[in-house]
Amino acid sequence: MLTLRQEDILLGCEASDWQAALDHAAEALQVAGLVEADYRQGLHAREAQSSTYLGNAIAIPHGTPESRCHVKQTGVRVLQFPRGLDWHDGQRVHVLVTIAAQSDEHLDILRQLTHVLDRDGVGERLAAADSPAQVAALLSRAVVEARLDAETLCLGFPAHSAEELALAAAARLRQAGCVAPGFVAAIAEQAPLALGQGLWLAHSHREVATPALALATPAEPGAVNGVFCLAAQGDAHRGLLERLSVLLESGQGSELAGASVQTVLARLAGEGAGAETLTVRVLNAHGLHARPAKQLIQVARAQGLPIKVRLAEGGEAVAASSLTKVIGLGARRGQRLVFSAEGEGAREALAAIDQAVRDGLGERVTPFDEGRDAPPVEASAPAPEPLAADRPHPAVAASPGLAIAPLFVMRTPRFDYPARAADAAEQERRLGAAIHEGAEQLEALVTQARGGEVAEILSMHEEMLEDPELYQAALEGIRDGASAEAGWWEAIETAARAQEALADRLLAERAADLRDVGRRVLGILCDVAMPEPPAHPYILVADDLGPSDVARLDTARVRGLLTARGGATAHSAILARALGIPAVVGAGERVLTLSNGDDLILDGERGQVIPRPSQERRDRAELRLKEREAREKAAWAARFEPAATVDGHRVEVAANLGNTAHAADAVERGAEGVGLLRTEFIFMAHAQAPDLEAQIAEYREALDALDGRPLVARTLDVGGDKPLAYWPVPQEDNPFLGLRGIRLALTRPEVLETQLRALLMAGVGRPLRIMLPMVKDVAEFRTVRVLFDRLLEELPEAERATDVQLGVMIEVPSAALLAPSLAAEVDFFSVGTNDLTQYTLAIDRGHPELSAQADGLHPAVLRLIEMTVSAAHAQGKWVGVCGELASDAAAVPVLVGLGVDELSVSARQVPLVKARLREFDLEEARARAELALAQATAEAVRDALEAR
Ligand code: PEP
Ligand code: MG
């Protein structure tokens with residue numbers, strides 16, 4: 001999406017004529033560092049080829065392909081000419097959207113502007129706008145269209161009733177990431193609406209992230225031909241519903257039953273059943289940008305009959321004679337366009353279009369070569385090399401702790417079986433026998449488990465296995481010619497999918513149990529042994545683990561977790577931390593070559609595993625484990641003592657919270673306050689943005705539990721990897737570099753204002769610290785400060801917090817580099833090392849392979865922290881660290897040595913971090929900080945600290 005910043009917009013420009021205006025635009029791009037001076041000729045040359053006037057008083061000057069070499073960086077400059085310009089094609093222009101683009105990124109800009117062109121009076125409003133924000137708002141507001149594509153279709157679903165199909169369609173929307181569970185619940189609560197012709201509609205706007213329309217059709221059409229499920233948001237679905245009503249009016253609605261994905265998309269795009277169609281690929285290197293689009297509409301207009309065009313993957317079919325609509329498709333090279341026309345001459349018209357597109361629409365094009373243009377096919381990977389015995393294998397530390405135990409590799413077995421069988425009676429007998437044997441196995445396991453959670457789960461599996469409906473569904477398949485294996489698995493999958501569609505998360509997670517049960521019987525039928533976890537304590541090794549897998553773990557026996565994939569911030573890692581199970585993740589496929597029963601040392605602190613350790617190494621690890629247990633015990637006993645180094649240097653230890661209800665637990669664990677309240681999790685727990693009263697109640701809960709200890713609340717930090725269902729952010733190529741944190745909050749100042757007001761009102765008589773996430777420089781802080789100061793004025797002192805500070809998080813390198821200018825105005829800093837490391841090292845914090853290298857002890861990150869602390873202390877301000885680094889035992893003395901005043905860590909870590917502080921004095925801490933700063937890599941830092 002075109003995200004215009006204030007500095008991209010130049011108001012009140014003047015020029016004697018259009019050429020002078022172009023020069024002005026070229027200069028603006030140059031001053032912004034986007035282009036070299038020679039790009040100016042490119043702008044003029046492009047204008048000489050044809051006008052870049054787009055409509056509604058907007059022209060979009062851009063360079064020729066030859067001048068792209070003068071583009072230093074893709075970007076836009078918007079110049080407003082309030083008095084207007086006579087453009088060379090006779091149009092009147094008030095705004096130049098001048099584009100510097102290295103490849104086809106400008107297509108998105110064009111595409112968005114075409115929506116602006118559809119709005120009446122935009123030209124005049126742009127001319128009269130008197131602030132950059134106003135211009136940005138006029139140009140940036142994209143019209144959202146509800147999604148409908150192959151992923152939102154659920155065709156041939158094995159259900160008959162409208163209610164079941166509505167749920168299947170809602171589940172499909174959930175799988176496609178358009179809605180959250182609350183939406184599915186809302187659909188489950190309503191009776192679908194009859195539309196006629198066997199079609200039904202269910203809809204809700206609850207927990208919609210992306211507006212979308214799903215369609216579920218039954219495997220066997222009967223009274224119900226299909227159920228639409230609409231995830232509504234604003235009026236994004238208007239166009240889709242209009243096309244649906246046209247389809248119904250034409251009496252062709254019932255044809256959707258049994259139709260293919262392509263046919264359904266064509267009908268809902270507005271293509272008639274009798275239309276001739278042509279599918280053709282865009283060959284132009286930079287997609288269907290303005291110039292080829294102009295050629296295309298000219299060819300379409302010359303045919304003398306209406307022609308429609310759409311993207312093959314879905315979306316509305318638009319008039320091929322409309323420039324703005326064609327550009328609005330945003331078609332890129334390689335994408336397929338579907339043209340359609342009806343009536344006499346349709347075939348010839350489409351042939352002419354076909355030729356024109358293949359000829360390149362006025363541009364030199366190279367034919368689409370599947371081999372060259374397609375992404376390279378990955379060569380089949382060689383089998384992973386087994387891990388060497390008694391050698392540390394490094395990976396990502398995901399949950400602290402040490403485990404020494406035999407390992408158990410959870411491998412999903414492979415089942416090979418025929419899909420069909422002629423002897424139904426024999427298949428029925430086989431299935432009956434296999435189910436019986438499965439039940440016996442489970443019975444034996446329940447007895448072995450002797451109570452506890454595992455026994456409960458296994459008993460539930462037994463009940464599932466004896467479910468007569470499941471058996472009947474499998475028999476139906478067998479009687480239709482399926483083999484026992486295929487009939488059984490089909491029945492299991494259908495039931496599991498229906499379960500997944502349920503709104504209740506816990507019930508939905510039972511789908512995994514159904515599949516477990518299904519595999520057990522399949523294993524018996526195929527004579528494949530199922531992996532059974534051992535009865536003694538073990539370390540679980542798996543390719544990856546979902547949160548529900550972790551939640552279902554037998555915590556009495558699982559001593560540690562090791563996965564081939566996944567990052568430290570994956571949900572499963574977070575859950576493992578909450579359960580206190582040591583975990584190492586992202587260790588690569590080689591860990592799957594380990595053999596069941598082999599001993600393993602898993603070090604969740606250092607992020608490494610050692611298979612088949614020597615006796616000597618094992619003894620050392622066992623000693624460490626004992627020491628650790630003793631340390632934990634001692635740390636727990638001393639948790640309420642103030643946090644300080646041996647020589648009495650105070651460093652506050654606070655807790656990180658995502659849920660205000662956990663504040664009491666944090667205090668019980670010895671926290672001296674809350675150093676980071678991730679308020680976005682409070683927002684995420686609500687179906688809609690909590691109002692003022694709801695927020696006051698939430699914040700008060702934490703403040704009450706803290707009983708006079710300080711609360712550092714971070715304002716909403718949505719975006720990046722933390723989407724908020726009811727605050728959708730447009731799809732971005734790099735969400736971590738996009739609209740998130742304070743940038744996003746500032747697009748909805750009213751939400752931020754309510755949050756600040758609620759915090760202030762909840763904080764009467766309490767020490768309250770408020771901090772802003774993702775701040776890049778002082779300008780963002782000032783914007784919020786104005787709002788904050790106004791609230792302080794507005795709210796009577798008796799009704800708001802008076803011991804209040806406003807600070808910023810330091811998690812963007814620019815903020816650390818500019819810390820002196822920020823320190824002069826803020827009350828405090830809190831360093832978010834998770835993001836600071838990600839942005840400093842340019843490693844996505846959740847990257848499955850790279851995140852192991854995203855180490856906060858990297859000297860580059862430490863230098864930024866050093867700069868932050870010295871700038872803050874020079875102005876008498878305090879600095880906290882609230883990223884994961886704050887609880888890293890090796891990092892604690894380094895951070896203290898750098899001068900950090902507060903460490904905020906997960907509540908479980910509070911006693912240990914306090915205990916760690918009591919192990920060194922300030923002089924030692926300073927020496928460690930100096931040592932770390934002098935290293936060249938994170939590895940060298942860790943080695944040097946360990947060797948000291
Ligand atoms: C951080 O980035 O270090 C931080 C504490 O914030 P979050 O992990 O919530 O992004
Ligand atoms: Mg952060």
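Q: Buried or exposed: which is A583?
A: The relative accessible area of A583 is 2%. Buried means under 20%, exposed over 50% and partly exposed in between (1.4 Å probe, protein chains only). So A583 is buried.

Q: What pLDDT do local features need in this predicted model?
A: Residues are numbered from 1 along each chain as its sequence is written, while chains are lettered from A and ligands numbered from 1 in the order in which they are written. Side-chain values use heavy atoms, with hydrogens and water left out; in this predicted model totals for chains, interfaces and linings use all residues, side-chain atom pairs count only at pLDDT 80 or more, and local features need pLDDT of at least 70.

Q: Where is A583 found?
A: Helices (H or I, at least four residues) and strands (E, at least two) are DSSP runs, numbered from the N terminus. A583 belongs to the run that covers residues 583-585. That run is strand 20.

Q: Which residues does A583 touch, not counting those up to four places away in sequence?
A: Contact means heavy atoms within 4.5 Å. One stretch of partners is V396, A397, A398 and S399. The others are L561, A576, L602 and G604.

Q: How many Å separate A583 and A231 in space?
A: In sequence the two are 352 residues apart. From C-alpha to C-alpha the gap in space is 38 Å.

Q: What radius of gyration does the chain have?
A: The value is taken over C-alpha atoms, and the globule rule is 2.2 Å times the number of residues to the power 0.38. For 948 residues, a compact globule would come out near 30 Å. The chain agrees with that, at 32 Å.

Q: What percentage of the residues in the chain are buried?
A: The chain holds 36 helices and 30 strands. Its C-alpha atoms fill a box of roughly 85 × 85 × 60 Å along the principal axes. Of its 948 residues, the buried share is 53%.

Q: What share of the contacts with a separation of 6 or more joins residues 24 or more positions apart?
A: The count covers contacts in the chain with a separation of 6 or more. Residues 24 or more positions apart account for 71%.

Q: How far apart are the mean positions of the positive and negative charges?
A: Lys and Arg count as positive and Asp and Glu as negative, with His and the chain ends not counted. Each charge is placed at NZ of Lys, CZ of Arg, CG of Asp or CD of Glu. The chain has 93 positive and 135 negative charges, and their mean positions are separated by 3 Å.

Q: Which residues are the protein donors of the magnesium ion (ligand 2)?
A: Donors are N, O and S atoms within 2.8 Å of the metal (3.2 Å for Na, K and Ca); water is not among the atoms, so sites may look incomplete. Here the donors lie 2.0 to 2.2 Å from the ion and are E811 (OE) and D835 (OD).

Q: How many residues apart are E811 and D835?
A: E811 is in the loop between strand 27 (804-810) and helix 29 (813-817), and D835 is in helix 31 (residues 833-841). Both residues are buried. The pair links distant parts of the chain, with a spacing of 24 residues.

Q: How many of the nine residues of helix 31 are buried?
A: T833, N834, D835, L836, T837, Q838 and Y839 are buried. Their cover includes strand 24 (674-678), strand 27, helix 29, strand 28 (828-831), helix 32 (859-874) and strand 29 (878-881). Helix 31 is mostly covered, and its buried count is seven.

Q: What phi does A842 have?
A: Most residues other than glycine have a negative phi. A842 follows helix 31 with a positive phi, near 55 degrees.

Q: Buried or exposed: which is D527?
A: D527 lies in the loop between helix 19 (510-525) and strand 18 (538-542). Phi of D527 is positive, near 60 degrees. With a relative accessible area of 72%, D527 is exposed.

Q: What is the relative accessible area of L361?
A: L361 has a positive phi of about 50 degrees and is not a glycine. L361 sits in the loop between helix 12 (346-359) and helix 13 (370-373). L361 is buried, with a relative accessible area of 4%.

Q: Which residues are in contact with L933, leaving aside neighbours within four places in sequence?
A: L933 is in helix 35 (residues 922-933). L933 is buried, at 14% relative accessible area. Its contacts are P859, L862, R863, E866 and L898.
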